[in-house]
Amino acid sequence: MHSSLNWTSRLISRALRSSFSTLLETATGVTKSGGAGAGATKSGGSGAAAGCPRPRFVSVVCGFAKDNLRHKYKPGKYGEDSWFKASTESADVMGVADGVGGWRSYGIDPGEFSSFLMRTCERLVQCSHFNPQRPVNLLAYSYCELMEQKKPILGSSTACVLILNRETSTVHTANIGDSGFIVVRQGQVVHKSEEQQHYFNTPFQLSLPPPGHGPNVLSDSPESADTMSFPVRDGDVILIATDGVFDNVPEDLMLQVLSEVEGERDPVKLQMTANSLALMARTLSLNSEFLSPFALSARRNNIQARGGKPDDITVVLATVAM
């Protein structure tokens, strides 16, 4: 099976070299969060503190909406997924959020909730009280602002935020639900987030339910997010993504793709890998015969399942450059 997947991934990569050529021409420009469907950013400066090199992210984004006909492209969004990137003199920040799709049956756009969270996180990075060691604060303050809106923004979302503290070469993360991150170094996974689930296919989530639905809706606090801190090295590869990636791409195949760009500082080459990974997730999500990570998880919960899991897909890919 994996040999077939490896062959498929090589075909995808070759196809992307031509079909994404126009997109790649724009990837070399410096963009802020949400500036293009797939965009590259060289974050932060390259100065040194006390003679030591200060790390920065070279980062790119790619993704797909589950239903391209329903969802027209909007900056910072792929369907009901949202993302942001931001930087200051002392930190580079990335985040993703995945609106819970079940709200659509109540006439609620799940993407509005996730989009508000990420847009607010991006703005708060530039505020004087921003703490580069506390990504959970970004989630908490963003959620509080959402709760205080005069026109309620209803729904639920998972979220994952990652901060590179450029002063200490340390990454700090906060993850709530089943979005997440993975860090690759020397061909191995050295750090990754842990999925937070109440039960199968029901992740932790930030919520604001409609009036009268509160007792029946799961709602977790930002403080329940799983947090981690760890040092990074020059060349580390960091992927932050929604569950549309992790539910469909096996970790060993993901590791093979990410290992190819260790130490890569060319945003065009990095963009090609992000495109390849996003398209791989998309292709596998639509394969009814593939035994996906989601299907394997279902079977561990005594649910017979096969095939990928169609979903919105967001890939934010970065390498650490010193």
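Helices (H or I, at least four residues) and strands (E, at least two) are DSSP runs, numbered from the N terminus. The exercises below use these terms for a predicted model, in which local features need pLDDT of at least 70 and side-chain atom pairs count only at pLDDT 80 or more, while totals for chains, interfaces and linings use all residues. Residues are numbered from 1 along each chain as its sequence is written, and side-chain values use heavy atoms, with hydrogens and water left out.

**Exercise 1. The chain as a whole**

Describe the chain by its secondary structure, its buried share, its contacts and its exposed area.

Solution. Begin with the secondary structure, which comes to 8 helices and 17 strands. Next take burial, where buried means under 20% relative accessible area, exposed means over 50%, and partly exposed lies in between (1.4 Å probe, protein chains only); by this rule, buried residues make up 55% of the 322 residues in the chain. Then turn to contacts, a contact being heavy atoms within 4.5 Å: among those between residues at least 6 apart in sequence, 72% join residues at least 24 apart. Finally, the chain exposes about 13,900 Å², of which carbon and sulfur atoms supply 51%; accessible areas come from the Shrake-Rupley method with a 1.4 Å probe, and for residues only the protein chains shown count as cover.

**Exercise 2. Helix H8 and the residue after it**

Which residues of helix H8 are buried, and what is the phi of the asparagine that follows H8?

Solution. In helix H8, which covers residues 293-300, the buried residues are Phe294, Ala295, Ser297 and Ala298. Seen down the axis of H8, these buried residues fall within an arc of 160°, so they line one face of the helix; the arc is that of the directions from the helix axis to the C-beta atoms. As background, an α-helix has 3.6 residues a turn, so residues three or four places apart point the same way. After H8 comes asparagine 302, which has a positive phi near 60°.

**Exercise 3. Two further positive phi angles**

Compare the places and the burial of serine 169 and asparagine 201.

Solution. Start from the general rule that most residues other than glycine have a negative phi. Serine 169 is not a glycine, yet has a positive phi of about 55°, and asparagine 201, also not a glycine, has a positive phi of about 60°. Serine 169 lies in the loop between S8 and strand S9 (170-176), whereas asparagine 201 lies in the loop between strand S12 (197-199) and strand S13 (202-203). As for burial, serine 169 is buried, with a relative accessible area of 17%, while asparagine 201 is partly exposed, with a relative accessible area of 37%.

**Exercise 4. Residues separated in sequence**

What surrounds glycine 155, and what does proline 310 touch?

Solution. Glycine 155 is in strand S8 (residues 155-165) and is buried, with a relative accessible area of 0%. Leaving out residues up to four places away in sequence, glycine 155 touches Trp103, Ile108, Phe113, Leu206, Ser207 and Leu208. Glycine 155 and proline 209 are 54 residues apart in sequence, while their C-alpha atoms are 5.8 Å apart in space.

Proline 310 sits in the loop between H8 and strand S17 (313-321) and is partly exposed, with a relative accessible area of 38%. With residues up to four places away in sequence again set aside, proline 310 touches Lys66, Ser285 and Leu286. The C-alpha atoms of proline 310 and leucine 286 are separated by 5.9 Å, although the two residues are 24 apart along the chain.

**Exercise 5. The cavity**

How many cavities of 30 Å³ or more does a search of the whole structure find, and which residues line the largest cavity?

Solution. On a 1 Å grid over the protein atoms alone, a cavity is a set of points where a 1.4 Å probe fits but cannot get out, and lining residues have an atom within 4 Å of a point. The search finds 1 cavity of 30 Å³ or more, and about 40 Å³ of space lies in the largest cavity; grid points are joined across faces, edges and corners, and a volume is the space filled by probe spheres set on the points. The lining consists of Leu124, His129, Phe130, Asn131, Arg134, Asn137, Leu138 and Tyr141. Helix H4 (residues 135-147) gives the most to this lining, with 3 residues.

Terms used. 1 Å grid on protein atoms, 1.4 Å probe; cavity = no way out; pocket = protein on both sides within 12 Å on 5 of 7 lines; lining within 4 Å.
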